[in-house]
Amino acid sequence: MSRIIGIDLGTTNSLVAYVDEATGLPRVIPDAEGRPLLPSVVAFTPDGIVVGEAARRQLARRPADTVYSVKRLMGRGHEDVKDEMRFLPFRIVPGEGLVKLAVGGREVTPPEVSAAVLKALKERAERHFGEPIEKAVVTVPAYFNDAQRQATKDAGRIAGLDVVRIVNEPTAASLAYGLQRLSEGVIAVYDLGGGTFDVSILRVKGGVFEVLATNGDTHLGGDDLDRVLALWLLEDIAVRHHAELDRDCVDLARDPEAMQELRLAAEAAKIRLSSEERTTLTIPFAGFTYRRDITRAELERLVEPLVTRTLGPCRRALGDAGLTPADIDEIVLVGGSTRVPLVRRRVQELFGKAPHSQLNPDEVVALGAAVQAHILAGGFTNMLLLDVTPLSLGIESLGGIVNVLIPRNTTIPTSAREMFTTSVDGQTLVDLHVVQGERELVKDCRSLGRFELRIDPMPAGMPKIEVTFLIDANGILQVQAKEQRSGKAASIEVKPTYGLSETEVEQMIEDSFTYAEADVATRMLIEARNEADTVLVHAGRALKQGADLVPAEERAAIEAAVAALRAARGGDDRERIHEATTAVNRATEHLAEVLMDAALKGALGSRRATEILGERT
Amino acid sequence: MLKQDYFSVFGLPRKLAIDTAELQRRFYALAREHHPDFHQAAPPEELARVEATSALVNTAYRTLRDPIARVDYLVRLEEGRTTREGAAEKPKAPPALLQEMFEIQEALAEAKTGALDAATRARLSAQREGLRARLKDEEARLGASLSARWDGAAPAERPAVLAALKEALATRAYLRTVIDDLAEALGEDEPSRREDKRVAHHRH
Ligand SMILES: Nc1ncnc2c1ncn2[C@@H]1O[C@H](COP(=O)(O)OP(=O)(O)O)[C@@H](O)[C@H]1O
Ligand SMILES: [Mg+2]
């Protein structure tokens, strides 16, 4: 069997891993610079598509064309993302059904954006092995519904990868732990990443990993923590800098670049506060520099409601598994956001014991995907994963009521059979509306799609159509129908509510060649230009704010360096741009120091010294 | 395998007393044998068959490991109703409970028209506690003494035991519905229970 790689396609970061035959252990494949994580950011530039770190670095400068956290949009409709889009700087194409983005002068769907990330990882693996890679196991949040899973599979196809298995992230994490350090017993995996939250309860016994229950929230993660902090900062800025804002007629909330700066600064501060008790935020805006101290306690007050929201799903998962917190032998933490001390405290309080985090929470899901890939390739024969479907599956019945066919937390694969008949003489079409969710009414559940069964005309009530709903090991629904009297398979036309049709996927595979990824040289040139732009913006601001703080000749030197960089940036010579960038950096070094100093003094002047000294101890 | 009933899937007799540790052991063994993970190289038709078998093993385990679902399945199996047609039967009030239920239904109807006064609230609340205790008893009876009666019954006695099992199941379903209605009227919805109620019988 050909090689299968394991991919963690994350909201924030993605990774690729494989199982090393020699040691029997999974390993992450780093990029050429040795970095294991690939930021899940895709920039649509005039020169082509740029993925990863280079794209991430231009987030604040080209907010409208740089897509991040696209996982939150996978398999979703316009209605679902209305709230979300208010905070995302890229434009959405108005319409119904599946969400489309307008970026870089074209329309793209979330699976196409994800495909760009998958392709970059595929290429990373191909460079590592020196051979083409065609198959992958890709992870998804356990609480992803059918449409979101299908969208992930589509993304794989667009990237030229056959996604041989979709695995749930917490389950993958348990496989990685199971291989290395877990003892037998009941474990809870708590996975809080950038955009999603999952909790899974598993029984590990004799190489079998049996998921007992799973729950979660596909719209809760580190992004939300960043958002509450950013909104709070925005208010603080409005209060403290209203003079400058009024003077320049600026509304930060409507300025995508400023908002992106704010979001990035908020995230960075949040991360620092995981290891420090207090930190200072400095954000240079066009007309002023915002600076303030923030303590961990302040952050915790802001994010407390979000962290508390994760506890409900934990309790529900325990309830569904028929267990109490005391029955849990071990707790495994996964995802970057579990580094937040408040999260650890709350988890520990709920389960009454300290969680595990020996394996790197950033890598453990990818490692688990590699383990599952190895199982599928026939490499590990003693491990068996028994996962469940996270949401109940049902069909619409009379009065818009959901008739549940497969309850949530049923071990997959699973199937249900149901008999249908016709109500009108000569009826040749039976329409089934399939939904997923835990509510009683169809309108409160997630519509997966419509299945139209075509049968030969017969008197009403005569046909006996047996429909089999199978949820496969990927958690994806397959429907088959047979008319019992004739024994003929009924033809089924599937109309996914929030998915791509077969022809659309084909088209996108073709498109992906047209809009090819920028080649390495172009990519490096784009990166150099991005870097230059950032430096130019900063130098411009520094000159504006600190013109009279440095001698005239220093100012002239900076201006000359800036002019040289502008000229270099216009050309195609990457080396030259690089050198000119370094020159500007060097020329502004002193001015930056002076400005920092002034800002600090300004802060001192506006408050009583004792207050500040008091806070510092 | 695909044509087998859940008991024979695990090589068990049609008895209601099941050693769940042993059931789990057999389940893991069968799951290993039939899981699609270990048949990736198989041709598509065979893989589809493996998937169907794996689904059957999973459903069979889910059904038999739960003492109540087990009884429910046995009853349907004995009556030849393993594939469901149409909507589930609406649970009927057991005759023994009719008088009591009449009172509760009246109070519930009252609750629907207006706000509950404190006295009615307290009464409904007490009634709900009573019904909860009754539900527990009923489930215990189903899982223990009635199940044992089935296991010990001679073929000629079986129809009578089956009728008793059916009645106990209907009583249980009815009690659950009323408890949920009471919870709703009292404004203490029990969502998890409500979902369970929607989860109709297992079918295959
Ligand atoms: N030290 C830290 N403290 C707090 N949050 C962190 C820390 N490190 C990473 N994060 C957050 O974790 C999230 C990314 O986690 P990750 O597991 O990579 O997410 P995903 O799997 O969704 O891509 C981001 O929101 C990031 O801000
Ligand atoms: Mg993750």
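## Ligand 1 and the interface of chains A and B

A backbone N or O atom of Gly336(A) lies 2.8 Å from an oxygen atom of ligand 1. The protein covers 90% of the 580 Å² of accessible area that this ligand has on its own. The model is predicted. Besides the surroundings of the ligand, this briefing takes in the interface of chain B with chain A, where 28 residues of chain B are in contact with 43 residues of chain A, and two backbone features of chain A, at Pro413(A) and Ser69(A).

**Surroundings of ligand 1**

- Ligand 1 is surrounded by 18 residues, and the closest are Thr12(A), Gly194(A), Glu267(A), Lys270(A) and Ser274(A).
- For Thr12(A), a polar backbone atom is 2.7 Å from an oxygen atom of ligand 1.
- For Gly194(A), the distance from a polar backbone atom to an oxygen atom of the ligand is 2.8 Å.
- Two elements of chain A, helix H6 (222-240) and helix H8 (256-272), give two or more residues to the shell around ligand 1.
- H8(A) gives the most to this shell, with three residues.
- By residue class, the shell around ligand 1 holds twelve polar, four charged and two nonpolar residues.

**Interface of chain B and chain A**

- The size of an interface is often given as the accessible area lost when the parts come together.
- Between chain B and chain A the buried area is about 3200 Å², and carbon and sulfur atoms give 47% of that area.
- One salt bridge is counted between the two chains.
- This salt bridge pairs Arg165(A) with Asp37(B), and the closest N and O atoms are 2.5 Å apart.
- Nine residue pairs are found in polar contact across the interface of chain B and chain A, with both residues at pLDDT 80 or more.
- On the side of chain B that touches chain A, the elements giving two or more residues are helix H2 (20-34), helix H3 (44-65) and helix H8 (191-198) of chain B.
- H3(B) provides the largest share of that side, eight residues.
- The residues on that side of chain B divide into eleven charged, nine polar and eight nonpolar.

**Backbone features in chain A**

- Most residues other than glycine have a negative phi, and most peptide bonds are trans.
- The peptide bond that joins Ile412(A) and Pro413(A) is cis, with omega about 0°.
- Pro413(A) is placed in the loop between strand S23 (410-411) and strand S24 (414-420) of chain A.
- Ser69(A), a residue other than glycine, has a positive phi, near 50°.
- The loop that holds Ser69(A) runs between strand S7 (66-67) and helix H2 (78-85) of chain A.

How values were computed:
Residues are numbered from 1 along each chain as its sequence is written. Chains are lettered from A and ligands numbered from 1 in the order in which they are written. This is a predicted model: local features need pLDDT of at least 70, side-chain atom pairs count only at pLDDT 80 or more; totals for chains, interfaces and linings use all residues. Side-chain values use heavy atoms; hydrogens and water are left out. Contact means heavy atoms within 4.5 Å. Buried area is the accessible area (1.4 Å probe) that two parts lose on being put together, summed over both. A salt bridge is a side-chain nitrogen of Lys or Arg within 4 Å of a carboxyl oxygen of Asp or Glu. A polar contact is a pair of N or O atoms within 3.5 Å; within protein, one must be able to donate a hydrogen and the other to accept it, and residues adjacent in sequence count only if both atoms are side-chain atoms. Helices (H or I, at least four residues) and strands (E, at least two) are DSSP runs, numbered from the N terminus. Ala, Val, Leu, Ile, Met, Phe, Trp, Tyr, Cys and Pro count as nonpolar, Asp, Glu, Lys and Arg as charged, and the others, Gly among them, as polar. A residue is near a molecule or strand if one of its heavy atoms lies within 4 Å of it. Accessible areas come from the Shrake-Rupley method with a 1.4 Å probe; for residues, only the protein chains shown count as cover.
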